[in-house]
Amino acid sequence: MNNNTPFTKSISLIDMGIENAKIHYQLSANELHEKTITLGQGVEVSTGALAVNTGEYTGRSPQDRYIVRDAITEDKVWWGKVNIPFEPAAFDSLYKKVTTYLSNKEVYVRDSYVCADLNYRLNIRVVTETPWANLFCYNMFLRPEEKELENFTADWTLLCVPSFMADPAVDGTRQSNFAIIDFTRKIALIGGTGYTGEMKKGIFSALNFILPVDKNTLPMHCSANVGKNGDTAIFFGLSGTGKTTLSADPARKLIGDDEHGWTNENTVFNFEGGCYAKVINLSEENEPDIFRAIKKGAILENVIINKETNEVDFDDVSITQNTRVSYPIDHIDNIQPSSIGNNPKNIFFLTADSFGILPPISKLTPGQAAYHFISGYTAKVAGTEAGITEPQPNFSACFGAPFMPLHPTKYAEMLSKKMKDANVKVWLINTGWTGGAYGIGSRMKLKYTRAMITAALNGELDKVEYKNHKVFGIAIPQSCPNAPSEILNPRNTWEDQDLYDIKSEELGQKFRANFAKFEEFANDEIMAGAPLA
C-alpha cells in the first residue's frame, strides 16, 4: 500500500467496546506525519523526519508488564519478576475502562501484520490515541496491500492509550502505567505511557509464546543479514551492544534488525517491517545506514533539536540516553527483499563488556554457546543510571528476558538443537571496553569489530591459532585480518595484568552467581560451558 495514499474502507470499533469514536483508518505515513505536527505533538527536523517526545516514560517499564494468568498461560509461562501475573477479571475490568475512555474520541486505527514468512503471519489491528504512535506501527509492523485489507480479520488487537491512567488501588496495577498481554482474548493493552517500544515489545512477547508453543519455531531477539552466497548471520545482543549497527553491513543484505523466527523449514524470517535504533552519539561516519534512514517517514524520539536550524543534536542526552528512531526497513538501501534467509552459518553473541575482561572476538563450543545464551550478558557503564558509579553486570536471559514468557532453558534447548543441526559457528563479540574498565580503558573501535566479524563470516578465522581464556575457557584467535593482534587477548591490553586476572575471576563469579537459578534445568554440556570456579 502506498504510504501517501489514504484507504477509504469504513470500519467500526463497537465490537471492541469503543462507541461513537471518530476513526482515522489506515492513514498514510504522510497524513500521520502532518496530523502530528498540526496537533502540536511533534516537529519536523531538518532531514524531514518527525520528532516527538514520549513524555514521562522514555523507555520500557518492566515492573509494569503483565501477562494474564489463565488456562492458556497457567502451566506454561515462567512466572516471576519478569512475567508478572494479572487476574483475568482485573484485565476485563481495566479493558472496559480503556475502551469506554476511548469512546467519543478521535482514534487512529491500523491493520497490519507481523512475520514475513506468510506461514507464520499474525494479523494485528492497532488502535492508538495519537497519530505518531500509529505512524510508529506503520513503520514497525508489516504493511498489507490494499486488496488484503478488504477482508482483513485481526488475529490480535493492540490498544495504546498514553493519557489513560490506571488506579492501582482499584485496577490491580503497580502504578498508573501498564502493559498487559491476554493470550485468551488476544489483546495487548497499553496505558499511561507514550513510549512506543511498549507496543513493539508487546507483540514480540506474544510471538515469543505463540511460536514455540504452537509452531515449534524459535523466536529470537536478534538482527540478521545475508551474504552474496546466501549465508545468513544472526546477531544476538541487548540494547546498546550493536545489533542494528553491525547487521547493517554494506556487503550483506539486511533481513531485519531486532526480532526473528528460526523455522523447522531451515529459514530465518523477520517479524517486523522496520527498524528501531538507538541514536545516541549517532554519526554518518560510524553508522551511515541509520543516519541516512532518518528522513521523511522516520520518527525520532526524545532528541534535542536546535530551534534555529531544526537540526538534531545526537550527542545531547538531556532527556534520555535512550534516544531512538523508527523507520520502515526500506529506508535502508541494502535489504533482503523477502525479509527471509536460509539457515544461519554464523551466530554472534554481542556484549558491551564495560569491565574490559572479555575478548573482542572468541569462538564458543556448543555448551558455552548455550551457557552464554541463557546468561545474556552485557554491562552498564557508570553514569547511565542514577547511583551507578562503576560498571554493573546486566544479565538478561536469551538476550531478551523481559520479552520471554517461557522458561529461558526452553529457548536455549531449541537454539542448541538448531545450532547443532545446522552446524553453526558461534562467536562471542565484545563491543565494549579494551585496555581496562570503563573510565580507564577505551571502547573497542567499530572498524576493528567489523573486521573481526567479516573475518569470521569469510572463514578467515578457521585456520588461525587459538588460545583458551584462563577463566572463561573461550577460544581466542591469535591473529585476525585487518585487526591488530595485540588487542585480541584482553589481558595484554591492561597495564596491570595481575589486576586483569583478579577482575576476570570476579566477573566469572558474577556469571556463576547469576546462573545459579538456571542450574537445575541445565544439562552437563551447558554447565561445562560455565567459567572456571
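Hi everyone, this is a short walk through one sheet and one domain interface in this protein chain.

Before we start, please keep in mind that we are looking at a predicted model.

Let's begin with how the chain is divided. There is domain 1, covering 15–40 + 61–215, then domain 2, covering 218–262 + 343–529, and domain 3, covering 276–331. You can see that domain 1 and domain 2 are each written as two stretches of the chain.

Now, the sheet. Which strands form it, and in what order? Going across, you meet β2, β3, β17, β20 and β16, and these five strands make an open sheet with mixed pairing. At the edges you find β2 (42–44) and β16 (274–278); each has a single partner strand, so one side of each has no neighbour in the sheet. As you step from one strand to the next, the twist averages 20°.

Let's zoom in on one pair. Strand β3, residues 50–52, runs parallel to strand β17, residues 299–301, and three bridges join them. If you want a spot to click on, try L50, which stands opposite I299 in β17. There is a helix here too: α1, residues 29–38, packs on the sheet and touches β2 and β3. The direction of α1 makes about 115° with that of β2.

Next, let's turn to domain 1 and domain 2. Their centres, taken over C-alpha atoms, are separated by 33 Å. How many residues does each one bring to the contact? Domain 1 gives 17 residues, and domain 2 gives 17 residues.

For those new to this, the size of an interface is often given as the accessible area lost when the parts come together. Here, domain 1 and domain 2 bury about 1,500 Å² between them, and 67% of that is on carbon and sulfur atoms. Which residues of domain 1 lose the most area to domain 2? They are W78, F204 and N208, and together they account for 41% of what that side buries.

There are polar features as well. Between domain 1 and domain 2 the count is four salt bridges. A nice one to look up joins the side chains of K200 and E259, at 3.1 Å from N to O. Across this interface, eleven residue pairs are in polar contact.

Finally, which elements supply the domain 1 side? β4 (65–68) and α6 (197–215) each supply at least two residues of the side that touches domain 2. Of that side, α6 gives the most, with ten residues.

That's my tour, and thanks for listening!

Notes. Residues are numbered from 1 along each chain as its sequence is written. This is a predicted model: local features need pLDDT of at least 70, side-chain atom pairs count only at pLDDT 80 or more; totals for chains, interfaces and linings use all residues. Side-chain values use heavy atoms; hydrogens and water are left out. Two strands pair if DSSP finds at least two bridges between them. Helices (H or I, at least four residues) and strands (E, at least two) are DSSP runs, numbered from the N terminus. Axes are lines fitted to C-alpha atoms, for helices over the stretch in contact, and angles run from 0 to 180 degrees between N-to-C directions. Contact means heavy atoms within 4.5 Å. Domain bounds come from an automatic or database domain assignment. Buried area is the accessible area (1.4 Å probe) that two parts lose on being put together, summed over both. A polar contact is a pair of N or O atoms within 3.5 Å; within protein, one must be able to donate a hydrogen and the other to accept it, and residues adjacent in sequence count only if both atoms are side-chain atoms.
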